[in-house]
Amino acid sequence: MRELRAATTVAAPPAVVWRVLTDTAAYGTWNPFIPELSGQLRVGQRLRVRIVPPGGRGMTFRPTVTAVEEERELAWLGRLGLPGLFDGTHSFTLTPRADGGTDPLQREVFRGVLVPLVAGTLRQTGAGFTAMNEALRTRAEGLAGRAGAAG
């Protein structure tokens, strides 16, 4: 097993961060790591996800949504081939802050016999998590700022 984690703090409420995270049609305009995500964000549905790790090759895969809890959690399970070869459980968890902001955590747990063979790719993937979290923060804070200015 191998786990990647990337956390950040966003000066926007969970509702705004969730809106950015679930507006998958807009990923290409702000998300450097996952520029394409399509499909219904409902448990049991298959997605089409394209990732582009920094310094790595892009890859498209078809994970299955395993959790959708509004303003709290979004997760999916992706597999390469048969179960147990290379499985990745990817999740986004949003924790509300006392100051009205949000602490998003992006995490993936990799399991399977091929995991030890892809250490370099996983390092690039971890850098992708960090880049996406920074872009998520920028976008959510921008939206929250515009909403505050309009109110």
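Helices and strands are here DSSP runs, of at least four residues for a helix (H or I) and at least two for a strand (E), numbered from the N terminus. In this predicted model, the order of elements along the protein chain is β-α-α-β-β-β-β-β-β-β-α, which comes to three helices and eight strands.

The overall dimensions can be set against a simple rule. A compact globule of 151 residues would have a radius of gyration near 15 Å, and the protein chain agrees, with 15 Å. Along the principal axes, its C-alpha atoms fill a box of roughly 50 × 30 × 30 Å. Of the contacts between residues at least 6 apart in sequence, 53% join residues at least 24 apart.

Buried residues account for 37% of the 151 in the protein chain. The largest nonpolar core has 32 residues, and those touching the most other members are Ile34, Leu37, Trp76 and Met132. At least two residues of this core come from each of strands S1 (2-7), S3 (48-51), S6 (73-79) and S7 (87-96), and from each of helices H1 (14-22), H2 (27-30) and H3 (119-150). H3 contributes the most, with six residues.

Ile34 shows how parts of the chain meet. Apart from neighbours within four places in sequence, Ile34 is in contact with Tyr27, Val49, Arg50, Ile51, Trp76, Phe92 and Met132. Two of these partners, Trp76 and Met132, are named with Ile34 among the core residues that touch the most other members.

Turning to the surface, the protein chain exposes about 7800 Å², of which carbon and sulfur atoms supply 53%. The chain carries 18 positive and 13 negative charges, and the mean positions of the two sets lie 7 Å apart.

How values were computed
Residues numbered from 1 in each chain as written. Predicted model: local features only at pLDDT ≥ 70, side-chain atom pairs only at ≥ 80, totals over all residues. Heavy atoms only, no water. Rg over C-alpha atoms; globule rule 2.2 N^0.38 Å. Buried < 20%, exposed > 50% of the residue type's maximum accessible area, 1.4 Å probe, protein only. Contact = heavy atoms within 4.5 Å. Areas by Shrake-Rupley, 256 points an atom, 1.4 Å probe, with all protein chains shown as cover. Lys, Arg positive; Asp, Glu negative; His and termini not counted. Charge placed at Lys NZ, Arg CZ, Asp CG, Glu CD. Core = buried A, V, L, I, M, F, W, Y, C linked by side-chain atoms within 4.5 Å.
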